[in-house]
Amino acid sequence: MNYSDLIQSIRKRFKFSSNDSFHLEYSSPACSSVYLDNESDFKMLFCCAKIYHMDNVLVTVVKDVGKSCSSTCVVVDDCAEMIDENDYVGDAFKDGPQKFFLSDEWGSYLSHAGQKFESIADFRDKLRKFAVQSGFHYVLSRNDSIYVNAVCANRDVDHCGWEVLGSVASINQCFYITRFNNVHTCRGMIRNRSHRQLGSKIVRTCIESTVCLNLGLKPREIMSNFKSTYGYEISYKVASRAKKRCVEKMYGSECDSFSMLSWFREAVLETNPGSSVVLEVDESTERFKRVFVAYAGQIQGFKFSLPVLYVDGAFGKSKYKGQILAATGRNGNKAFGDTVLQRLKKTGCFFFKNLKALLEPQGRIITFISDRGVGLLKAFDLIFPGNPHLYCYHHLRYNLSRKYKNKGGEIVVADVLQKFFKVAYASTEKSFYFHLKNLRDEGGAATIDEFIREIPLEHWCRAFFKGCRYGIMANGIAESFNNWIVAERSLPPFAMLDQTRMKEMKMMSERSVESKSWTTKLTPKMEKRLKEQLDRSRVFRVIASHENVYEVRNDKYSYSVDISTRTCSCVKWQINCFPCAHALAAIQGARLDVYDFIDPYFTAEYYRMCYSFPIAPLSNVDASCSSTEDFILPPVTKRSAGRPKSKRIASAGEKKLIRCGRCNKMGHHNKKSCTEPLNMLL
């Protein structure tokens with residue numbers, strides 16, 4: 001009721017004409033007489049009733065001609081409709097603003113008999129959502145390809161009359177509601193935070209667009225987003241199955257994914273001429289064996305990348321497992337660049353044979369970096385016997401730490417590994433043998449000598465590597481790429497290749513656009529490195545020996561620099577393929593341009609050329625009309641015992657040392673798990 005309704009009620013009760021004039025008064029504990037002349041006064045009446053806990057208020061109607069009469073108006077305690085108590089309570093006690101969810105419209109999906117739906121599947125989907133939003137459960141007394149009859153789940157208990165019946169029209173295959181009773185006679189319906197009929201089928205229709213844009217969404221992220229967007233809680237299992245249904249709708253089932261590889265090969269070769277897609281299938285069983293993929297844009301762009309390739313493998317996490325091998329390049333801006341992929345059932349020489357066919361026409365000597373895996377070593381020695389091969393020193397560190405298992409404390413192992421770093425980073429043979437002596441003294445000569453014999457020096461020590469290694473010591477870029485595609489590794493082969501292709505296509509396009517705005521001669525990171533080296537070179541004095549040969553000195557050391565052969569006695573110029581501070585001092589002393597002595601792979605021009613060959617998009621509008629009719633069966637796999645692992649197994653010694661807050665020692669324990677004895681001073 002408002003002020004106007006009150007006036008009309010009084011005129012009707014006391015039979016006042018439109019010409020009669022009157023006014024209203026009431027009293028409160030704070031004031032004996034209060035006029036009631038407008039809507040604001042009327043709201044204040046309810047406010048007073050709320051504050052002073054008044055069940056009713058006596059309102060006096062005074063006629064202006066002198067004759068008065070009174071009427072009592074009972075004020076019911078529903079003042080919340082008239083005033084907002086949030087205005088009188090603290091922030092912690094205020095009701096939050098009402099939030100509207102996308103599920104609010106579900107309650108209007110079923111409205112009347114004769115309502116039309118696109119299909120029987122569309123009706124079933126909207127029936128579930130209608131029941132979820134309305135807060136009741138139903139059972140299907142009939143559910144086939146033509147008829148659907150749903151009744152309230154409390155029909156047998158409370159004799160509820162809610163029912164909906166419909167059928168498919170044979171003319172247009174649309175579904176029509178023929179009978180609909182939307183009145184519940186059972187106990188009151190309450191909409192809960194969750195609903196048993198809110199399954200993966202409903203959730204899939206709600207998250208489909210989101211998952212399509214981001215296949216890396218985790219089930220817990222889906223649960224959180226669904227709660228904030230639709231207002232309902234779903235279980236981890238429902239979220240996981242809903243995501244799986246989304247992927248299956250996009251790419252088909254995991255079993256059908258292998259057959260789609262034939263279409264993928266044709267599409268890539270047609271839209272990206274010069275690409276290499278090799279698909280091997282067992283002829284006797286028609287089961288998938290392996291596939292090799294390299295796009296033309298990556299093959300051409302690799303010519304302008306550093307002549308190094310990081311090779312590493314990762315396990316597939318889909319239903320049929322498998323292994324993913326990748327050879328990742330490195331651009332002139334210290335980031336991973338072009339990548340070729342292989343998804344296979346078994347490790348072998350297949351990957352390196354196809355890779356060699358792509359690299360040989362370029363005529364460059366490629367340096368490979370790997371983690372010294374047994375399968376990779378055998379295949380590499382067979383296919384690339386003459387190419388330089390570097391071992392990741394991080395993995396060598398883990399292998400060395402295994403030698404001291406149960407033989408020494410954590411502090412001893414940490415000291416041994418620290419000295420091993422110095423051995424690996426030694427730039428000259430004299431420095432190598434000096435640090436090796438310290439390593440043998442610390443870690444034991446027998447253990448160290450046995451470990452050194454297992455790995456040739458030229459594969460891991462900088463002092464013995466003959467060639468340009470661009471300062472590379474670890475296989476970190478390959479690990480970065482594996483982490484970059486961690487979400488795609490959980491997908492079936494076709495979906496994984498397609499999603500990885502789109503990721504790489506987007507990355508190459510973004511880098512191409514970004515590089516066009518560069519104004520420096522070198523890439524930004526290398527330009528920054530050059531300026532830092534130039535600042536360091538200012539402390540050196542340059543003395544000319546003969547043509548192109550200089551002695552560079554500071555207060556303590558002297559270095560020999562030959563700018564014609566691009567060598568320095570510190571060996572850093574040869575190792576990093578980038579002028580060291582001594583070389584830059586000599587170049588500037590000779591009044592030469594420092595940019596003429598920098599490898600062209602570090603220039604912005606080469607970087608732009610690296611990404612000037614795009615990956616062309618694929619169109620699947622004619623996929624159903626493809627000429628290939630190959631049906632490829634998935635490989636035979638056995639499920640391993642135990643719960644499937646989703647994280648990689650860390651190598652021994654891979655955990656970083658931390659300082660304990662109790663004993664203040666370095667190790668792999670914390671304050672809670674510390675068992676070290678303490679010397680207490682009393």
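This is a short conversation about a predicted model, its five-stranded sheet and one pair of helices.

Visitor: How confident is the predictor in this chain?

Guide: The average pLDDT of the chain is 83, and 88% of the residues score at least 70. Residues 67–82 need care, since pLDDT stays under 50 there. For that stretch the model has 39 contacts beyond four places in sequence.

Visitor: What makes α18 and α20 roughly perpendicular to each other?

Guide: The axes of α18 (residues 524–537) and α20 (residues 581–589) cross at roughly 75 degrees. Angles of 65 to 115 degrees count as roughly perpendicular, and therefore the label fits this pair. Their axes come within 8 Å.

Visitor: Which residues of α18 and α20 meet?

Guide: From α18 come L530, Q533, L534, R536 and S537, and from α20 come A581, L584, A585 and Q588. Sorted by class, this contact has five nonpolar, three polar and one charged residues.

Visitor: Let's turn to the sheet. What is the order of its strands?

Guide: The order is β5-β9-β8-β7-β6, the pairing is antiparallel, and the sheet is open.

Visitor: Why do β5 and β6 stand at the edges?

Guide: Each of them, β5 (116–117) and β6 (138–143), has a single partner strand, so one side of each is left without a neighbour in the sheet.

Visitor: How do you know that β7 and β8 pair?

Guide: Two strands pair if there are at least two bridges between them, and five bridges join β7 (residues 147–152) to β8 (residues 163–168). The count of five therefore meets the cut-off of two. These two strands run antiparallel. Among the bridges, N149 is partnered by L165, and A150 by V164.

Visitor: What joins β6 to β7?

Guide: A hairpin does, through three residues. Five bridges also join β6 to β7, and the two run antiparallel. In one of these bridges, N143 has V148 as its partner.

Visitor: What makes β7 mostly covered?

Guide: Buried means under 20% relative accessible area, and five of the six residues of β7 are buried.

Visitor: Which helix lies across the strands of this sheet?

Guide: Helix α3 (residues 120–134) lies across β5, β6, β7, β8 and β9 (175–181). Its direction is about 160 degrees to β6. Angles over 145 degrees count as roughly antiparallel, so α3 is roughly antiparallel to β6.

Methods: Residues are numbered from 1 along each chain as its sequence is written. This is a predicted model: local features need pLDDT of at least 70, side-chain atom pairs count only at pLDDT 80 or more; totals for chains, interfaces and linings use all residues. Side-chain values use heavy atoms; hydrogens and water are left out. Axes are lines fitted to C-alpha atoms, for helices over the stretch in contact, and angles run from 0 to 180 degrees between N-to-C directions. Helices (H or I, at least four residues) and strands (E, at least two) are DSSP runs, numbered from the N terminus. Angles under 35 degrees count as roughly parallel, over 145 as roughly antiparallel, 65 to 115 as roughly perpendicular and the rest as oblique. Contact means heavy atoms within 4.5 Å. Ala, Val, Leu, Ile, Met, Phe, Trp, Tyr, Cys and Pro count as nonpolar, Asp, Glu, Lys and Arg as charged, and the others, Gly among them, as polar. Buried means under 20% relative accessible area, exposed over 50%, partly exposed in between (1.4 Å probe, protein chains only). pLDDT is the predictor's confidence in each residue, from 0 to 100.
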